[in-house]
Amino acid sequence: MLPDTFLAHMPDALARFRSAGCRIVTAESCTGGLLAAALTEAAGSSDVVAGGFVTYSNSMKTHALGVPAKLLEQYGAVSREVAAAMAQGALAHAPDANLSVAITGIAGPGGATRDKPVGLVWFAVATSGTVDMVSHIFSGERWDVRTQAVRTALALLLDHAGRLAAE
């Protein structure tokens with residue numbers, strides 16, 4: 001599980017999401033549900049977290065989230081395009097959610113290619129009308145990459161919650 005020092009911040013994060021009127025759905029690949037677990041660690045999270053999808057395989061990305069197989073073939077699972085489709089698919093399959101985040105990456109130690117190194121993670125955050133994508137290359141062992149990805153996804157969600165609250 002994630003470090004207690006990280007989880008200790010979850011009640012404050014949930015309060016920020018709550019005040020912004022956020023209902024969150026996650027679509028996770030390389031993090032395997034760690035973000036959803038962190039978000040639901042604190043009591044009362046059910047009024048903020050709509051749910052989550054763990055879509056580790058390409059077939060799950062297609063069947064559970066509606067990611068087009070053509071996108072996976074053309075760009076690969078670890079790509080800007082697939083991250084965006086995952087976030088949009090999660091939002092479409094969670095009717096009471098208004099904010100989604102997708103995480104897809106290469107946690108290692110294997111799976112890297114010349115163009116996609118170990119530690120590359122793509123994120124996408126979607127609302128009803130927008131989707132923003134960003135990538136990071138994290139260092140360290142598999143667990144380090146995964147925990148850094150969860151921290152980054154949470155920061156992205158908090159940033160978007162601030163935008164929703166300002167609207």
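Two strands are said to pair if DSSP finds at least two bridges between them. The exercises below apply this rule and others to a predicted model.

**Exercise 1.** Determine how strand β4 pairs with strands β3 and β5.

*Solution.*
Step 1. Strand β3 (residues 99-105) is joined to β4 by 6 bridges, and the two run antiparallel. Within this pairing, T104 has W122 of β4 as its bridge partner.
Step 2. Between β4 and strand β5 (residues 131-137) there are 7 bridges, again with an antiparallel course. Here V125 stands opposite D132 of β5.
Step 3. Since pairing requires at least two bridges, β3 pairs with β4 and β4 pairs with β5.
Step 4. With 4 residues between them, β4 and β5 form a hairpin.

**Exercise 2.** Establish whether strand β4 is enclosed or open, and describe where its side chains point.

*Solution.*
Step 1. A residue is buried if its relative accessible area is under 20%. In β4 (residues 120-126), 7 of the 7 residues are buried.
Step 2. The strand is therefore largely enclosed by the rest of the structure.
Step 3. In a regular strand, side chains alternate between the two faces of the sheet.
Step 4. In β4, L120, W122, A124 and A126 point one way, while V121, F123 and V125 point the other way; all are buried.

**Exercise 3.** Find how many disulfides the structure contains, and classify C22 and C30 as buried or exposed.

*Solution.*
Step 1. A disulfide requires a pair of cysteine sulfur atoms within 2.5 Å. The search of the whole structure finds 0 disulfides.
Step 2. C22 has 2% relative accessibility, so C22 counts as buried.
Step 3. C30 has a relative accessible area of 4% and is therefore buried.

Conventions:
Residues numbered from 1 in each chain as written. Predicted model: local features only at pLDDT ≥ 70, side-chain atom pairs only at ≥ 80, totals over all residues. Heavy atoms only, no water. Buried < 20%, exposed > 50% of the residue type's maximum accessible area, 1.4 Å probe, protein only.
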